[in-house]
Amino acid sequence: MFTLAEVASLNDIQPTYRILKPWWDVFMDYLAVVMLMVAIFAGTMQLTKDQVVCLPVLQSTVNSKAQPSTSGKADFTTVETTTGRKTNLDFQQYVFINQMCYHLALPWYSKYFPYLVLIHTIILIVSSNFWFKYPKTCSKIEHFVSILGKCFESPWTTKALSETACEDSEENKQRLTGAQSLPKYVSTSSDEGSPSASTPMITKSGFKFSADKPMIEVPSVTILDKKDGEQAKALFEKVRKFRAHVEDSDLIYKLYVGQTVIKTVKFIFILCYTANFVNTISFEHICNPKVEHLIGYTQFECTHNMAYMLKKLLISYISLICVYGFICLYTLFWLFRIPLKEYSFEKVREESSFSDIPDVKNDFAFLLHMVDQYDQLYSKRFGVFLSEVSENKLREISLNHEWTFEKLRQHVSRNAQDKQELHLFMLSGVPDAVFDLTDLDVLKLELIPEAKIPAKISQMTNLQELHLCHCPAKVEQTAFSFLRDHLRCLHVKFTDVAEIPAWVYLLKNLRELYLIGNLNSENNKMIGLESLRELRHLKILHVKSNLTKIPPNITDVAPHLTKLVIHNDGTKLVVLNSLKKMTNVAELELQNCELERIPHAIFSLSNLQELDLKSNSIRTIEEIISFQHLKRLTCLKLWHNKIVNIPSSITHIKNLESLYLSNNKLESLPTAVFSLQKLRCLDVSYNSIALIPVEIGLLQNLQHFHITGNKIDILPKQLFKCVKLRTLNLGQNSITSIPDKISQLLQLTHLELKGNCLDRLPATLGQCQLLRKSGLVVEDHLFDALPSEVKEVLNQDTSIPFANGI
């Protein structure tokens with residue numbers, strides 16, 4: 001036989017699983033233990049005391065009576081009387097009969113009742129705990145119990161719930177103080193869907209404050225240390241992955257229902273057959289062993305000495321089974337009374353500020369329902385880790401703990417415009433200390449999905465430029481009011497138009513707007529540029545996208561737009577008629593738009609001063625004659641195209657000051673170019689030009705000449721008549737010598753000669769008063785070959801103020 005400890009071990013479940021055992025499972029476990037004790041007690045008694053005692057049933061005999069004497073005389077012979085029954089059986093025969101009648105006369109249920117109870121009880125125990133053992137479910141349950149325990153004991157849970165408990169008091173306090181200090185605007189909630197301590201009530205007439213409750217001092221909450229914060233963040237990640245893993249099936253629910261049904265069917269089966277056999281257990285039994293040839297008797301009357309005790313134990317067992325069965329029926333009623341594959345955190349949402357706790361389903365929901373039968377506090381504390389608001393708060397605390405004011409100050413740099421700039425990349429949010437950098441000019445936020453701009457930004461009085469790169473930032477009302485009045489330049493890089501914050505279109509004092517992203521996908525057909533009409537002070541609009549046409553809505557900002565830039569990333573820009581409406585545009589850039597000719601719509605822009613058609617597919621520019629109507633055009637950039645020649649009609653652009661024709665397929669420079677007397681900058685680099693015409697000497701105002709990467713071998717002396725030259729790029733050609741007349745270029749500050757066939761440099765370079773070694777781009781051996789006095793002049797460290805460049 002098994003010992004009680006060995007059998008009870010079948011019911012041992014890890015103590016941590018107790019939170020998944022409701023009261024009925026616990027009660028049924030105790031009932032199963034009692035049934036085990038009944039089985040073991042009955043089995044032990046049967047092993048030690050179970051036996052039958054049999055006696056033969058004698059045949060009826062006729063008592064011998066004295067016969068009357070024929071002589072009529074009395075017979076005085078003494079008759080001996082018997083005082084018992086003589087069976088003529090010895091001890092061995094009694095043992096033999098007892099053994100045979102134990103197996104023949106005793107009912108099977110009396111003999112095997114303890115073992116049946118033991119088997120049934122073991123089956124019930126296995127059915128109660130099979131879902132803890134089955135590999136497909138036990139792994140999920142073990143993971144769930146582990147996460148639940150860590151979430152329950154996490155310091156972050158305590159902190160989050162403590163803040164919730166103090167929320168009402170803090171809200172009233174901040175509203176009272178806010179109403180006194182902010183008469184017009186107050187900051188809105190930084191967490192959508194939940195009330196905040198500084199959230200105004202917006203009405204048609206403006207902002208209305210509510211301060212019905214008295215101001216209460218809010219106790220400060222201890223900030224988590226770094227270790228606790230890291231553990232909490234790891235828990236959030238585990239909960240997210242576990243939810244995704246468990247919510248896709250309902251195996252645990254089905255298995256629990258299945259084992260409960262098995263226990264109910266088992267109860268009905270046990271009750272049915274046990275009720276029939278309860279009366280078969282009796283004290284007296286008649287035995288007919290059919291061994292009269294050995295014993296001499298045909299029938300025996302036997303007694304079962306364990307009958308009384310077994311019958312009492314059987315009645316007790318039936319009572320236990322009935323109670324067990326009623327609990328099984330209640331369990332089935334609970335399983336099908338409500339949808340256990342759905343779980344709502346509605347009460348938790350009502351009691352806390354975490355209004356975004358999602359409802360869960362399938363096995364995840366079922367496990368939470370089981371936990372609620374143990375203690376609902378577990379689900380409440382677990383809900384904290386399902387809330388994105390809670391996770392964002394944790395990230396915010398960890399972020400502020402890591403990014404202190406001193407650390408942020410170390411990341412501040414100066415950009416090309418000599419402005420103080422801070423670039424934050426791939427953070428969980430915007431640290432609060434950022435808004436203490438009051439002298440910051442430029443703030444760049446990149447890949448920060450939960451960026452929130454609070455009212456503290458109003459301290460940054462120098463901030464005029466903001467970059468949002470894949471960063472749909474949310475702003476509070478006070479912060480928006482500040483940005484609306486102070487922000488001058490905004491860069492927004494996005495993948496979907498929905499990432500562009502709606503408040504961008506309300507920045508009435510914005511001067512420059514840069515939009516970089518895909519505007520031609522199916523999801524972005526309805527570009528929201530019609531809202532730009534509110535940007536009444538917008539002067540510069542930069543769109544880097546893949547448009548097939550300029551959206552008609554962009555003309556809403558045409559009256560006050562002075563610069564329009566479209567970088568199209570190689571997508572062909574077809575429709576350009578809307579450009580005609582943009583009469584005030586002074587600078588227009590249509591780069592990488594696959595244009596094959598100069599668009600005719602451009603010729604209607606009477607105020608146009610600078611045109612840039614870089615990186616297109618323009619082959620001919622015969623339409624350039626129409627530029628004569630653009631009296632203000634001073635800069636024309638046709639670089640990185642496929643232009644073969646320059647038409648003579650270019651002479652009609654009399655006010656042209658800058659002409660960029662680099663990276664084309666030019667083989668010569670026509671004389672017409674040198675009739676542009678106002679030309680200050682000429683760039684024909686990276687073409688196939690073999691000769692610089694002598695007419696170049698006519699450009700007396702030329703200050704910057706770039707002819708790098710061509711086939712020039714001789715420099716005409718007329719080139720050095722352009723005495724105003726400051727920049728002369730002659731690199732990567734076939735020039736063999738530099739004329740001494742280069743000394744006439746007294747204003748020369750930059751000279752590029754690298755990549756030619758020079759043997760030496762003229763000593764007259766020393767007479768170029770403004771030229772220094774830093775502005776001389778040439779091979780080292782050529783520079784070293786210069787006379788020492790020339791090198792000394794070029795090496796002078798004299799601060800020379802540079803004039804306006806290209």
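**Close-up views of salt bridges, a buried serine and low-confidence stretches**

Asp25 is buried in this predicted model, with a relative accessible area of 2%.

**View 1. Lys263 and Asp25 form a salt bridge.** The N to O distance between the two side chains is 4.0 Å. Lys263 sits in helix H9 (residues 251-277) and Asp25 in helix H2 (residues 23-49), so the bridge ties together parts that are 238 residues apart in sequence. Lys263 is buried as well, its relative accessible area being 1%. The value for Asp25 is 2%. Both fall under the 20% limit for buried residues. Across the whole structure, the search finds 18 salt bridges.

**View 2. Asp439 pairs with Arg409.** Their side chains meet in a salt bridge of 3.2 Å, N to O. Asp439 belongs to the loop between strand E9 (420-425) and strand E10 (442-446), while Arg409 belongs to helix H16 (residues 405-410), so the pair connects parts 30 residues apart in sequence. Asp439 is partly exposed, at 26% relative accessibility. Arg409 is also partly exposed, with a relative accessible area of 31%.

**View 3. A salt bridge links strand E9 to strand E10.** The partners are Glu421 and Lys444, and their closest N and O atoms are 3.4 Å apart. Glu421 lies in strand E9 and Lys444 in strand E10, 23 residues apart. Glu421 counts as buried, at 13% relative accessibility. Lys444 counts as partly exposed, at 22%.

**View 4. Glu237, Arg240 and Lys241 make up one network.** Salt bridges that share partners join these residues. Side chains of opposite charge can pair when their charged atoms come close.

**View 5. Ser154 occupies the loop between helix H5 and helix H6.** Helix H5 covers residues 135-153, and helix H6 covers 155-165. Ser154 counts as buried because its relative accessibility is 6%, under the 20% limit. Beyond its neighbours within four places in sequence, Ser154 is in contact with Ala232, Leu235, Arg381 and Phe385.

**View 6. Two stretches have pLDDT below 50.** The mean pLDDT of the protein is 80, and 83% of its residues reach 70 or more. Over residues 61-82 the pLDDT is below 50, and the stretch has 0 contacts in the model beyond near neighbours in sequence. Residues 171-222 also stay under 50. For residues 171-222, however, the model has 77 contacts beyond four places in sequence.

Conventions:
Residues numbered from 1 in each chain as written. Heavy atoms only, no water. pLDDT = per-residue confidence, 0-100. Contact = heavy atoms within 4.5 Å. Helix = DSSP H or I, 4+ residues; strand = E, 2+ residues; numbered from the N terminus. Buried < 20%, exposed > 50% of the residue type's maximum accessible area, 1.4 Å probe, protein only.
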